[in-house]
Amino acid sequence: MKKEKAVVVFSGGQDSTTCLFWAMERFDEVEVVTFDYNQRHSLEIECARDIAKELGIPHHVLDMSLLNQLAPNALTRRDIAVVDGVDGELPSTFVPGRNLLFMSFAGVLASQIGAKHIVTGVCETDFSGYPDCRDVFIKSLNVTLNLSMDQNFVIDTPLMWLNKEETWEMADKLGAFDFVREKTLTCYNGIMADGCGQCPACKLRKNGLDDYLSRRQVSL
């Protein structure tokens, strides 16, 4: 374990919760930050708060409601349907500027609490085409944050090159498989654990879970 401090960008979903366990194994101190942008389901914030409380992790909730005003989409408006992108278009769940703002404010928080590491669950393997989940964006932002605050932050992306099956495997190796499966919220329709089974997020999560359970069964 490194004698350093990390802040995890935390939504209470599968990916960020897996990243939280990853960070807890590696760093001496860990805190989490959740962003309230009037997202489709306030349960997301409650879920994040409950997980942080259960694990004894300091939890910050920052008001980012301005993002809701600037970027109407399926995650901020109940009257916009959740649909995948077609013909190269982005999915209706893409929130322009979200990770740029979230990571920037996470950097400000990190500077205030003395954290060198900023951990995020962005992933280029299963990223639905979101441009702000790409490795090149994160590397660029890391440089920008360091220059803007004269810091030496390290943005850690433990899931960047993993698919959902491999993310489940990571959770299992961290001893968090059941916790992640039962206590996280990934579903776009606001249903805990295995979710609605119909939205794009649930399908991606379930396909990865089924693949991992099949592989784990074979190896037994």
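**A five-stranded parallel sheet and its salt bridges**

In this predicted model, strand β1 (residues 2–9) runs parallel to strand β4 (residues 117–119), and three bridges join the two. Within this pairing, Val8 sits opposite Val119 of β4. On the sheet, helix α5 (residues 135–149) packs so that it touches β4 and β5, and its direction makes about 155 degrees with that of β5.

Stepping back to the whole sheet, five strands make it up, and it is an open one with the order β3-β2-β1-β4-β5 and parallel pairing. The edges are taken by β3 (59–63) and β5 (154–156), each of which pairs on one side only. From one strand to the next, the twist averages 25 degrees. Over at β3, helix α2 (residues 43–55) lies across β2 (27–36) and β3, and runs at about 160 degrees to β3.

As for the chain overall, it has eight helices and five strands. Read from the N terminus, the elements come in the order β-α-β-α-β-α-α-β-α-β-α-α-α. Of the 220 residues in the chain, 48% are buried. Among contacts with a separation of 6 or more, 70% are between residues 24 or more positions apart. The chain's accessible surface is about 10700 Å², and carbon and sulfur atoms account for 50% of that.

Helix α1 (residues 14–26) comes next. This helix has 13 residues and spans 19 Å from its first C-alpha to its last, close to the 18 Å expected at 1.5 Å a residue. A good deal of α1 is tucked away: Gln14, Ser16, Thr17, Thr18, Cys19, Leu20, Phe21, Trp22 and Ala23 are buried. Cys19 turns up again among the contacts of Thr120. Thr120 is in the loop between β4 and α5, and it counts as buried at 5% relative accessibility. Leaving aside residues up to four places away in sequence, Thr120 touches Cys19, Met103, Ile155, Asp156, Thr157 and Pro158.

Now to the charged side chains. The structure holds 13 salt bridges. One of them links Glu4 and Lys116, whose closest N and O atoms are 3.9 Å apart. Glu4 belongs to strand β1, whereas Lys116 is in the loop between α4 (98–113) and β4, so this pair ties together parts that lie 112 residues apart in sequence. Both partners are partly exposed: Glu4 has a relative accessible area of 25%, and Lys116 has one of 35%.

Other salt bridges stay within a single helix. In helix α6 (residues 164–173), Glu169 and Lys173 are four residues apart, a separation of about one helical turn. These two form a salt bridge, with 3.6 Å between the closest N and O atoms. Lys173 is exposed, at a relative accessible area of 66%. The pair also belongs to a bigger arrangement, a network of salt bridges that links Glu165, Glu169, Lys173 and Arg215.

Helix α8 (residues 200–219) offers a similar case: Lys206 and Asp210 both lie in this helix, four residues apart, or about one turn. Their side chains meet in a salt bridge at 2.6 Å, N to O. Lys206 is partly exposed, with a relative accessible area of 45%, and Asp210 also counts as partly exposed, at 31%.

Finally, a couple of backbone oddities are worth a look. Asp150 is not a glycine, yet its phi is positive, at about 55 degrees. This residue is in the loop between α5 and β5, and at 71% relative accessibility Asp150 counts as exposed. Ala193 is another residue other than glycine with a positive phi, in this case near 60 degrees. Ala193 is found in the loop between α7 (177–183) and α8, and it counts as partly exposed, with 21% relative accessibility.

Methods:
Residues numbered from 1 in each chain as written. Predicted model: local features only at pLDDT ≥ 70, side-chain atom pairs only at ≥ 80, totals over all residues. Heavy atoms only, no water. Pairing = 2+ DSSP bridges. Axes fitted to C-alpha atoms, helices over the stretch in contact; angles between N-to-C directions. Contact = heavy atoms within 4.5 Å. Salt bridge = Lys/Arg side-chain N within 4 Å of Asp/Glu carboxyl O. Buried < 20%, exposed > 50% of the residue type's maximum accessible area, 1.4 Å probe, protein only. Expected span 1.5 Å × (residues − 1). Areas by Shrake-Rupley, 256 points an atom, 1.4 Å probe, with all protein chains shown as cover.
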